[in-house]
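User: Could you take me through one part of this model slowly, the helix that sits in the core and the strands around it? I work at the bench, so please spell out the cut-offs as you go.

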Amino acid sequence: MEATKDIQQLKSRLKDLADRSYRQNLYTFSGFLSLGEQEQFWAMDRELHYCGSCLWGGYEQAERKVARFGSVEELGYEEEYPIVCIHITPLQAKFADALSHRDFLGALMNLGIDRSTLGDIRVGEKEAYLYCLSGMAEYVCEHLDKVRHTSVKCVPVEECADLPQEEPRELVVQLPSLRIDACLSKVYNRSRGEILEAFQSGKVYVDGRLCENNSRQLKGGETVNLRGLGKFIFTGEQRETRKGKLSVKVLLYP
């Protein structure tokens with residue numbers, strides 16, 4: 001019941017943003033949307049067709065994204081997304097803890113920050129890059145001074161060329177077919193029953209869109225996200241083994 005209420009509130013909020021953009025001829029922006037919230041955005045595509053809209057998270061392959069309502073064609077000008085990238089580094093690197101995504105997110109949540117103002121956190125070695133709404137950037141820089149036991153400093157950055165790159169691991173698996181459930185089962189070493197449950201629980205996404213069809217055929221270049229376990233890119237490279245199975249390659253991210 002609570003989930004239904006949250007969905008209705010989200011839809012109402014997105015509709016209000018679209019209406020305001022259309023009436024006032026200006027761009028409007030949501031907070032950062034999770035994958036599940038983005039699916040609600042896409043489900044409203046026909047309802048919001050009168051107002052141009054798109055999603056962006058600050059960089060390619062971002063998971064959490066902001067919805068922007070309005071378009072250059074309609075408004076005659078371009079407006080950037082209100083997203084700032086903040087570089088978080090230890091004050092003394094040699095004494096810094098090995099920090100995880102959970103450590104950085106926990107420290108931010110302890111500041112009482114609304115999750116919708118925060119986008120992805122990309123973690124490197126003893127550092128992280130945080131994407132957040134521009135209105136929250138100053139607060140984060142002023143108040144985030146410690147992650148676990150490590151004292152840190154926060155600096156907004158203009159160029160994100162030095163972002164830590166997630167290095168995928170090449171994995172070759174043998175499948176009876178290109179069904180997405182078969183691939184997920186092999187990649188994450190889970191039973192078909194567990195994978196079916198993941199589909200029924202709304203945990204599987206393809207290219208950022210909820211996938212409810214467990215027999216869907218994978219296509220080259222698609223990104224598959226299984227919430228709680230990770231994501232991979234299906235390269236499309238395949239060959240048939242002597243036993244008639246398909247040997248396929250995926251790029252597996254942690």
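Analyst: Happy to; what follows starts at one helix, moves out to its strands, and then visits some other parts of the chain.

A word on the ground rules comes before the details. This is a predicted model, in which local features need pLDDT of at least 70 and side-chain atom pairs count only at pLDDT 80 or more, while totals for chains, interfaces and linings use all residues. Residues are numbered from 1 along each chain as its sequence is written, and side-chain values use heavy atoms, with hydrogens and water left out.

Let's begin with helix H6, residues 180–187. Helices (H or I, at least four residues) and strands (E, at least two) are DSSP runs, numbered from the N terminus. H6 is mostly covered, with seven of its eight residues buried. Buried means under 20% relative accessible area, exposed means over 50%, and partly exposed is in between (1.4 Å probe, protein chains only). The buried residues of H6 are Ile180, Asp181, Ala182, Cys183, Leu184, Ser185 and Val187. They pack against S9, H7, S10, S12, S13 and S14. Just after the helix, Asn189 takes a positive phi of about 50°.

Several of these residues belong to the largest nonpolar core, which has 24 residues; Ile180, Leu184, Val187, Val204, Val224 and Phe232 touch the most other members. A nonpolar core here is a set of buried Ala, Val, Leu, Ile, Met, Phe, Trp, Tyr and Cys residues joined through side-chain atoms within 4.5 Å. Two or more residues come from each of S9, H6, helix H7 (192–200), strand S10 (204–206), strand S12 (223–226), S13 and S14. Apart from this core lies another, of 20 residues, among them Leu105, Ile113, Cys132 and Ala137.

Val187 gives a good view of the packing. Leaving aside neighbours within four places in sequence, Val187 is in contact (heavy atoms within 4.5 Å) with Leu171, Phe232, Val250 and Leu252.

Now for the strands. S14 covers residues 246–253, and seven of its eight residues are buried. S14 is joined to strand S9 (residues 169–175) by seven bridges, and the two run antiparallel; two strands count as paired if DSSP finds at least two bridges between them. Within that pairing, Val173 stands opposite Val248 in S14. Strand S13 (residues 230–240) is also antiparallel to S14, again with seven bridges, and here Ile233 has Leu251 as its bridge partner. The hairpin of S13 and S14 has five residues between the strands, and Gly244 in that hairpin takes a positive phi near 85°.

The ring of Tyr253 has a charge over it: the charged end of Lys231 sits 5.3 Å from the ring centre. For that label, NZ of Lys or CZ of Arg must be within 6 Å of the ring centre and within 35 degrees of the ring normal.

Elsewhere in the chain, strand S4 (residues 83–90) pairs with strand S8 (residues 150–157) in the antiparallel sense over six bridges, and Ile88 stands opposite Cys154 in S8. S8 also runs antiparallel to strand S7 (residues 146–147), joined by two bridges, with Lys146 having Ser151 as its bridge partner. In the hairpin of S7 and S8, with two residues between the strands, Arg148 takes a positive phi near 55°.

Last, have a look at helix H1, where Ser21 lies. Ser21 counts as buried at 2% relative accessibility, and a polar atom of the Ser21 side chain lies 2.7 Å from the backbone oxygen of Leu26. Not counting residues up to four places away in sequence, Ser21 touches Leu26, Tyr27, Thr28, Cys51, Phe69 and Gly70. Arg20, in the helix as well, is partly exposed, with a relative accessible area of 35%.

The structure also holds seven aromatic pairs. Rings of Phe, Tyr and Trp (its six-membered ring) pair if their centres lie within 6.5 Å; planes under 30 degrees apart count as stacked, over 60 as edge-to-face and the rest as tilted. Tyr22 and Tyr50 form an edge-to-face pair, 5.3 Å centre to centre with 85° between the planes. Tyr22 lies in H1 (residues 2–24) and Tyr50 in the loop between helix H2 (35–43) and strand S2 (53–56), so the pair ties together parts that are 28 residues apart in sequence.

Note on methods: A polar contact is a pair of N or O atoms within 3.5 Å; within protein, one must be able to donate a hydrogen and the other to accept it, and residues adjacent in sequence count only if both atoms are side-chain atoms.
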